[in-house]
Structure formats: C-alpha cells, structure tokens
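The following account leads through the structure shown below, beginning with its overall architecture and then turning to particular contacts.

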Amino acid sequence: MDSGAGGGREHPSSLPDRAQKISERLDRLIVQETARAGGKAPAYRELAERVNRIAGRGVISRDTIRNLHQATTQKGQPPNPTVETLDWLGLAFGIRCGATYFLDDAKAAVVDEQLLALDALANIRAAAGNAGVIGLAQRASGLSDNSLHMLAALADRLSALEAEAAGDGGGAPDRISQSGC
C-alpha cells in the first residue's frame with residue numbers, strides 16, 4: 001500500500017493515529033448519510049460499489065472500507081490506504097478533496113462545517129415547501145427576539161418528541177450540493 005500523502009515512509013507509530021482519524025471521519029460521513037436515509041446505514045458492499053462505479057473501475061473492496069471504518073485490518077494492523085483510494089472514497093460521499101479530508105485536520109473541519117451548512121440549507125428548502133411552516137413564519141415575523149427564541153425552543157422540543165415517538169433520530173433531507181475543499 002501507499003505510504004501516505006507525504007510520499008515518504010510513514011513512521012510506524014503514526015499509522016494508528018492516522019487510521020483512527022480516517023475511521024472517525026468515515027464514521028461521521030456514514031452517520032450523516034444514515035440520518036439522511038431515514039436511519040438505514042449503507043452497507044460496506046454498497047459503499048464499495050458506489051466508489052467503484054464513480055471510479056469506473058475496481059478501486060476499493062467492502063473489506064477495505066470495513067478496515068478503514070474499524071481502523072484495523074483482520075490481522076490487527078492499522079490500514080494504510082493509498083491517497084487515490086481515499087480520494088475515491090471521499091468522492092463517493094460528495095467530497096471533492098477525499099484524501100485531504102481524511103488526512104488534514106484543518107481541511108476536514110472546513111468540509112464538516114460545509115456539510116452541516118448544506119444539511120441546514122436542505123432543511124430550510126424542505127420547510128419552504130411546507131405551507132404550514134410558511135404560515136407559522138408569517139405569524140412569527142412580528143414577534144420580539146425573546147418570543148422568537150421561545151418559539152424556536154418549543155419547535156426543537158416538539159421535533160425531539162415526535163422523533164422519539166417515531167423511534168428515530170429525525171433524519172435530515174438529502175444534500176443539495178457537493179462539498180469541496
């Protein structure tokens with residue numbers, strides 16, 4: 001396998017740290033996709049098929065994705081993916097700078113912030129299509145800041161109660177754009 005983004009030999013003690021970062025970031029992407037899909041997590045096989053379809057060739061297996069997600073191989077070693085593999089994996093989640101997202105803390109923070117903003121925008125877009133939400137917004141437009149904060153807190157609480165009653169986490173709608181670096 002490739003020695004990493006630096007191009008030189010990776011110090012053996014840094015591989016477990018890097019594997020853990022990749023694992024955490026991959027987990028975050030899977031959790032976000034699970035929420036958008038209404039609670040159904042993508043299988044490793046499905047992710048591998050998606051990556052390979054985007055790449056137009058076989059670049060990753062379900063076992064490699066599992067190893068990256070669990071931060072260990074079946075032999076107990078930290079996985080050491082190529083930069084190309086991480087690039088394709090990132091693209092499968094709509095992240096144009098795949099390897100950079102998985103390996104660079106500053107870029108990952110920027111992309112994570114963009115992903116949260118896209119989810120918020122998707123929520124707004126979904127709400128704008130709901131006549132009840134628009135009517136509520138029109139009635140709330142003349143309220144004081146304090147009253148608006150109370151109304152927002154009430155809406156948050158009602159959403160949480162409905163999600164709890166439905167037995168899910170209240171998934172977010174699909175993303176409407178691709179996040180970049």
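In what order do the elements of the protein run from the N terminus on? The order is α-α-α-α-α-α-α-α. The model is a predicted one, and its secondary structure comes to 8 helices and 0 strands. Of the 181 residues of the protein, 34% count as buried. Among contacts with a separation of 6 or more, 62% are accounted for by residues 24 or more positions apart.

The packing of α1 with α6 comes next. The two helices pack at an angle of about 5°, with their axes 12 Å apart. Because angles under 35 degrees count as roughly parallel, α1 and α6 are assigned to that class. On the α1 side the contact involves K21, R25, R28, L29, Q32 and R36, and these residues meet D105, A108, D112, L115, L116 and D119 in α6. By residue class, the contact of α1 with α6 divides into 4 nonpolar, 1 polar and 7 charged residues.

Charged groups in this contact lead on to the salt bridges. Side chains of opposite charge can pair when their charged atoms come close. The structure holds 9 salt bridges. One of them joins K21 to D105, with the closest N and O atoms 3.0 Å apart. K21 lies in helix α1 (residues 14–36) and D105 in helix α6 (residues 105–128), so this salt bridge ties together parts that are 84 residues apart in sequence. How accessible are the two partners? K21 counts as partly exposed because its relative accessibility is 32%, and D105 counts as partly exposed at 40% relative accessibility.

The pairing of K21 with D105 also belongs to a wider arrangement: K21, R25 and D105 are linked in a network of salt bridges. R25 lies in helix α1. With a relative accessible area of 8%, R25 is buried, whereas K21 is partly exposed. Leaving aside residues up to four places away in sequence, R25 touches Y101, F102, L103, D104, D105 and A108. One polar atom of the R25 side chain lies 3.4 Å from the backbone oxygen of Y101. R25 thus takes part in the salt-bridge network and also approaches a backbone oxygen.

A further salt bridge involves α1. The side chains of E33 and R50 meet at 2.5 Å, N to O. This pair links distant parts of the chain, with E33 in helix α1 and R50 in helix α2 (residues 44–55), 17 residues apart. Are these partners buried or exposed? E33 counts as buried at 13% relative accessibility, and R50 is buried with a relative accessible area of 17%. Both values lie under 20%, which is the cut-off for the buried class.

R50 also appears in the packing of α2 against helix α4 (residues 83–92). These helices pack at an angle of about 105°, with their axes 9 Å apart. That angle makes α2 roughly perpendicular to α4, since the class runs from 65 to 115 degrees. The contact is made by R50, V51, I54 and A55 of α2 together with W88, L89, L91 and A92 of α4. The residues of this contact divide into 7 nonpolar, no polar and 1 charged. For the contact of α1 with α6, the corresponding division is 4 nonpolar, 1 polar and 7 charged.

Helix α3 provides a salt bridge within a single helix. D63 forms a salt bridge with R66, the closest N and O atoms being 2.9 Å apart. What separates D63 and R66 along helix α3? The two residues are 3 positions apart in this helix (residues 62–70), so about one helical turn lies between them. D63 is partly exposed, with a relative accessible area of 31%, while R66 is buried at 18%.

The last feature concerns the backbone in the loop between α3 and α4, where A71 lies. Most residues other than glycine have a negative phi. A71, although not a glycine, has a positive phi of about 60°. At 15% relative accessibility, A71 counts as buried.

Methods. Residues are numbered from 1 along each chain as its sequence is written. This is a predicted model: local features need pLDDT of at least 70, side-chain atom pairs count only at pLDDT 80 or more; totals for chains, interfaces and linings use all residues. Side-chain values use heavy atoms; hydrogens and water are left out. A salt bridge is a side-chain nitrogen of Lys or Arg within 4 Å of a carboxyl oxygen of Asp or Glu. Helices (H or I, at least four residues) and strands (E, at least two) are DSSP runs, numbered from the N terminus. Buried means under 20% relative accessible area, exposed over 50%, partly exposed in between (1.4 Å probe, protein chains only). Axes are lines fitted to C-alpha atoms, for helices over the stretch in contact, and angles run from 0 to 180 degrees between N-to-C directions. Angles under 35 degrees count as roughly parallel, over 145 as roughly antiparallel, 65 to 115 as roughly perpendicular and the rest as oblique. Contact means heavy atoms within 4.5 Å. Ala, Val, Leu, Ile, Met, Phe, Trp, Tyr, Cys and Pro count as nonpolar, Asp, Glu, Lys and Arg as charged, and the others, Gly among them, as polar. A polar contact is a pair of N or O atoms within 3.5 Å; within protein, one must be able to donate a hydrogen and the other to accept it, and residues adjacent in sequence count only if both atoms are side-chain atoms.
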